Amino acid sequence: MRTLSAFKAYDVRGRVPDELDASFAYDIGRSFARFLGLKTAVVGRDVRPSGEEICSALARGLADEGVRVSDMGLCGTEEIYFAAFHGKFDGGVAVTASHNPADYNGMKFVREEGRPISSDTGLLDIGNGALAGNFGPAKKRGSVEPLNLRPAYIEHLLGYVDMGKLKRLKIVINAGNGCAGPVADELEKRLPFDFIKVHHEPDGSFPNGVPNPILPENRAVTRDAVLKHGADMGVAWDGDFDRCFLFDEKGGFIEGYYIVGLLAEALLGKTPGAGIVHDPRLLWNTEEIVRAKGGRLIQSKSGHAFIKEVMRREDALYGGEMSAHHYFRSFSYCDSGMIPWLLVAGLMCAHGKPLSSMVGERQAKFPVSGEINRKVADPKAVLEKIRAKYGPLALKIDETDGVSFDFREWRFNLRSSNTEPVMRLNVEGRGDEALVEEKTK
C-alpha cells in the first residue's frame, strides 16, 4: 500500500520498491504537472540502479499530462537547476537519493528558475495528488526528448575563475562512484590542473561505500590520496554532487564553516557591499570576514528552501551553510558542488598560498566542536532543560533556528534536524580550543 513516507521536508527519498517504484513515479509525474500547470519540464537522474526506470516513468507521467519533457539522462542535481533557469523550463525533477544507500531513490523538485519546492510550498500536495490517482486517460499531447546542456553548463562553471591567472595545481578528486566524474572529465579538458581520480567511474552499486564525505569514516581515502600524491587539495562529492568537501595539502578535512568564510571573502572582493546569507549554527568567523569586507550579513534558518527564499528576497550574492551547501546569485540562487572548489582553486592560484594557511588562521581564531548528533526521545524537553541551565548566563539568545546561546568567549546552537530524528549541537569559541572542548563535553 502506498504512503507518503518517502516525502520529506525538502524532497522525496525512500527505499525502492517499498516506498517508491515506477508506478508511483508515474503518478507523481502526473500530479506534479497538474500542481504547477506545467507546459515544459526537465528531468534527469543519478547513478542508482533504479534511476533509469523511475526517471522514465516520471517522464511518461509528465508527458501524459501534455508536458514537453526534456530528459538529461545521467546528471547531477545542480545540472537540473541549471537547466531550469538556463533553459527556461517551467519545472524540473532530479531523480536522486543523494548520499543514501543504493537501494534508495528519490526526487528533488523545482519550479521555474530553479525555485525549490518543499513540504511548505507544495511537495505534500504533489504527494497527495499522486496517492489519490484519479487522473483519467492520458492526454497524449506531450513528448519526451533527450537534452544535452552539459557544454553550456561547463561554460557557466568556467566563468567563476579567471582562466588567465590559473596555475598548475595537483588536485585529488573523489566522485564516490556518483555523478561527478563525467563533469570533472569535461572540466579537466579546459583547466591547467592535474586530477588524481579516486572512485571516479559512476557505479550505482557504490562498490566503495555510500558517497557521503561528511561522515568521518569516509574521509580517509581522499586524505590518503592527497598525502600519497603530494596534492595541493582534495575534493570529495556526495552522490549527486550538490555538496563538495575540501581537504588541504596536509590531508586535513576542512569544516564547511570555514569554506563559507573563504567564499564570502572571495566574492565580496569582486562585489563590495553585497549581502551574504548564513545560518546560525556557527557564525563568528563568517561575521568577522563579512564585516571586514564591507558586506551585509543576513541570517536565515538552515535548509536549502529557507536559504534560497531569503537570498531571493534580499538579492544576496552568496549563501553558505556549514553542511557544505553553497548558494550563488549567479546560479539562480541555487546550490552547487562544483562552483565552490573552483573558486577555492582560483584563490589558491591568486594568493600563491597553500590551502592550509588560507584556512589555518581562521580555524585557530574560531575553533569549533564539529557537529554532534544525538537521538533523543523528546527534543522539546531537552531544549527546555538546556534553556533553564544556560539561559540565565547567556549574553544573547537567538531562536532563528533551534536556540543559540551567546557568551563572551564561546557560543552554541542546538536544533532539531529537519530531516532526521536527531538533535544537532555546534559549539564555537574565540581562539581557545581547550575551552571549546571543555564546553562541548
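**Group meeting: a walk through the model, from His99 to the pocket**

Okay, let's start at His99. If you leave aside its neighbours within four places in sequence, His99 is in contact with Arg13, Arg48, Val210, Pro211, Asn212, Asp238 and Arg243. Contact here means heavy atoms within 4.5 Å.

Quick housekeeping: this is a predicted model, so local features need pLDDT of at least 70 and side-chain atom pairs count only at pLDDT 80 or more, while totals for chains, interfaces and linings use all residues. Residues are numbered from 1 along each chain as its sequence is written, and side-chain values use heavy atoms, with hydrogens and water left out.

Back to His99, which sits in the loop between strand 4 and strand 5. For the numbering, helices (H or I, at least four residues) and strands (E, at least two) are DSSP runs counted from the N terminus. Is His99 buried or exposed? It's partly exposed, at a relative accessible area of 26%; buried would be under 20% and exposed over 50%, with partly exposed in between (1.4 Å probe, protein chains only). From His99 to Asp398 you go 299 residues in sequence and 31 Å in space, C-alpha to C-alpha.

Arg243 turns up again with Ile214, in the loop between strand 8 and helix 7. Beyond four places in sequence, Ile214 is in contact with Arg219, Arg243, Phe245 and Ser323. Ile214 is partly exposed, at 33%. Its C-alpha is 9.3 Å from that of Cys244, 30 residues apart along the chain.

Now Trp237. Again not counting residues up to four places away, Trp237 touches Ile173, Asn174, Ala175, Ala180, Pro211, Pro213, Arg243, Cys244, Gly337, Met338 and Trp341. Trp237 also belongs to the largest nonpolar core, which has 78 residues. A nonpolar core is a set of buried Ala, Val, Leu, Ile, Met, Phe, Trp, Tyr and Cys residues joined through side-chain atoms within 4.5 Å. Which members touch the most others? Phe193, Met233, Trp237, Phe331, Met338 and Trp341. Helix 8 gives the most to this core, with 10 residues. Apart from it there's another core, of 31 residues, including Val12, Tyr26, Ile54 and Cys55.

Ala175, from that Trp237 list, is in the loop between strand 7 and helix 6. Ala175 is buried, at 1%. Outside the four-place window, Ala175 touches Ala180, Gly181, Val198, His199, His200 and Trp237. Ala175 and Ser205 are 30 residues apart along the chain, with 14 Å between their C-alpha atoms. In the loop that holds Ala175 you'll also find Asn177, with a positive phi of about 60 degrees although it isn't a glycine. Asn177 is buried too, at 5%.

More backbone oddities. Phe206, in the loop between strand 8 and helix 7, is another non-glycine with a positive phi, about 50 degrees; Phe206 is buried at 7%. Lys88, following helix 3, has a positive phi near 55 degrees. And there's a cis peptide bond joining Val16 and Pro17, omega about 0 degrees. Pro17 is in the loop between strand 1 and helix 1.

On to helices. Helix 3 (residues 77-86) is mostly covered, with nine of its 10 residues buried. In helix 2 (residues 51-63), the buried ones include Ile54, Cys55, Leu58 and Leu62. What covers helix 2's buried residues? Helix 1 and strands 2, 3, 4, 5 and 6 are among the elements doing that. The length checks out: the 13 residues of helix 2 should span 18 Å, and the end C-alpha atoms are 18 Å apart. That expected span is 1.5 Å times one less than the number of residues.

Last stop, the second largest pocket, with a volume of about 620 Å³. On a 1 Å grid over the protein atoms alone, a pocket is an open set of points where a 1.4 Å probe fits, with protein on both sides within 12 Å along at least five of seven lines; lining residues have an atom within 4 Å of a point. Volume is the space filled by probe spheres set on the points, which are joined across faces, edges and corners. There are 26 lining residues, with Ala266, Leu347, Ala350, His351 and Met358 nearest the centre. Helices 8, 11 and 12 each supply at least two of the lining residues, and helix 8 gives the most, with eight.
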